[in-house]
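Welcome! Here is a short tour of one protein chain and the ligand it holds. Have a look at the sequence and the structure first, then read on.

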Amino acid sequence: MKTAAAAGYDVQRVRTDFPALHQQVHGHPLVYLDNAATAQKPRAVLDAMARFYERDCANIHRGVHALSQRATESYEAARRALAALLHAADPREIVFVRGATEAVNLVAQSYARPRLRPGDEVLITWMEHHSNIVPWQMLCEQTGATLRVAPIDDAGALIVPEFQRLLSTRTRIAAFAHVSNALGTINPVRALVDQAHAAGAKVLVDGAQAAPHLRPDVAALGCDFYCVSGHKMYGPTGSGVLWARAELLEAMPPYQGGGDMIRSVRFEKTTYNDLPFKFEAGTPNIAGGIGLGAAAEYLLRLGHEAITAHEQSLLARATAALQQVPGLRLIGTAPHKAAVISFTLDGVHPHDAGTILDQEGIAVRTGHHCAQPVMERFGVPATVRASFGLYNTPEEVDALVAGLHKVLEVFA
Ligand code: C6P
């Protein structure tokens, strides 16, 4: 079925790529709307990983034998696919990590920790996921630097003049989400980067929720560090990418010591490997990296313009329909949003709503979404969150709305 908004995008055909979607849950067809937590995996990703384990399973960068060489080639091809997806200038700028959380921690500990002093500041925003808050808090405790937080408005949009006001020559790092996981807000990254750079700060963008919906272009965004979560962009769990400009990575010490990150080891002195291997100590998640490369290629094949248009039509349909549900309060109504909708229902705890929806086969996330300051800002302990992906359909939006009416019946 083609949507008007994304002519040529055949969502029913896309769905055939995802085996997990075709199952019944509690006697109902699965309606998977928890994509911001983790997305389902296309056959191309599953096959790439199975191929590695069934045919090429060997350690990489180490063996002269055929299997090791094949595994190494697949892993490095995956790195090139990620570089292409993100518009990186060079695959050496792609560091494979466990996920967005590890990417932020790597930058905090390897780039920032040796450079920050008491009196320096790190600027984040009120809409950050805990993974883009806690590493900076830890860094501030370690260095004596101060954490500053730019506020958001009642719609869940960043108050950009406040962000600008909080920037000063003391700001060494500005770190913010490209897309908020709890609100769906899309931040004006390029403008924020320009402001932070004008103040002399380096910029980290948490792209965990952006890569599945938009095609991040690190060159156009102008940031210094960009963090990607593999499992949210249809890749395997335990995979992700830190992108950083090569000259920054060159100037950073290794994050962890061990195998593969060295050039030579002597008891007197160890010298480190070239980029990006300097940051990839130990045997990496080889199958995960290969699977993530397959996910990047899959997204490139579908095309982000079509994906975004399709998802935006789902967002518009869901926003309009949910607003008609009695007692429903949308949390996050910024003008620029990705297809993530948080809401509360009068008199119904989000966990109860989530449990009843589950009985209808509808998977949503309920809770604070690892963004407790966002919950505090809106005065709620938790929300229900429906997050849409490239395989969701208008009919699934309607199923969510029907499910919510069932919830209301139970609590009537
Ligand atoms: N958000 C959610 O349900 P990892 O899993 O480490 O790759 O990503 C962490 C992370 C970082 N930043 C943002 C904006 C995120 O949304 C997440 C993960 C999931 O919203 C799980 S809590």
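A residue counts as near the ligand if one of its heavy atoms lies within 4 Å of it. With that cut-off, 17 residues surround the ligand. Please keep in mind that this is a predicted model. The briefing begins at the ligand, moves on to the two domains, and ends with a few details of the chain.

**Around the ligand**

- Which residues come closest to the ligand? They are Thr101, Asp206, Gln209, Ser229 and Arg365.
- Asp206 also has a polar contact to look for: an N or O atom in its side chain is 2.6 Å from a nitrogen atom of the ligand.
- For Lys232, the distance from a polar side-chain atom to a ligand nitrogen is 2.9 Å.
- The side chain of His129 places an N or O atom 3.3 Å from a nitrogen atom of the ligand.

**Two domains**

- The domain assignment splits the chain into domain 1, made of 4-32 and 303-410, and domain 2, which covers 46-301.
- Domain 1 is therefore written as two stretches of the sequence, following the domain assignment.
- Taken over C-alpha atoms, the centres of domain 1 and domain 2 are 28 Å apart.

**Where the domains meet**

- How many residues of each domain take part in the contact? Domain 1 brings 33 residues, and domain 2 brings 31.
- The size of an interface is often given as the accessible area lost when the parts come together.
- For domain 1 and domain 2 this buried area is about 2600 Å², with 58% of it on carbon and sulfur atoms.
- One salt bridge is counted between the two domains.
- Asp154 and Arg377 form a salt bridge, and their closest N and O atoms are 2.7 Å apart.
- Across the interface there are also 22 residue pairs in polar contact.
- On the side of domain 1 that touches domain 2, helix H11 (304-322), strand S14 (340-345) and helix H13 (372-378) each supply at least two residues.
- H13 gives the largest share of that side, with six residues.
- By type, the residues on this side of domain 1 are 17 nonpolar, 11 polar and five charged.

**Details along the chain**

- The whole structure contains 24 salt bridges.
- One salt bridge joins Glu280 to Arg79, with 2.8 Å between the closest N and O atoms.
- This pair links distant parts of the chain, 201 residues apart: Glu280 is in the loop between strand S12 (270-272) and helix H10 (286-302), while Arg79 is in helix H3 (residues 66-86).
- Pro276 is also found in the loop between S12 and H10.
- Is the peptide bond from Leu275 to Pro276 cis or trans? This bond is cis, with omega near -5°.
- His87 sits in the loop between H3 and strand S4 (94-97).
- Although His87 is not a glycine, its phi is positive, at about 60°.

Terms used: Residues numbered from 1 in each chain as written. Predicted model: local features only at pLDDT ≥ 70, side-chain atom pairs only at ≥ 80, totals over all residues. Heavy atoms only, no water. Contact = heavy atoms within 4.5 Å. Buried area = accessible area lost by both parts, 1.4 Å probe. Salt bridge = Lys/Arg side-chain N within 4 Å of Asp/Glu carboxyl O. Polar contact = N/O pair within 3.5 Å; in protein donor to acceptor, adjacent residues only side chain to side chain. Helix = DSSP H or I, 4+ residues; strand = E, 2+ residues; numbered from the N terminus. Nonpolar A, V, L, I, M, F, W, Y, C, P; charged D, E, K, R; others polar.
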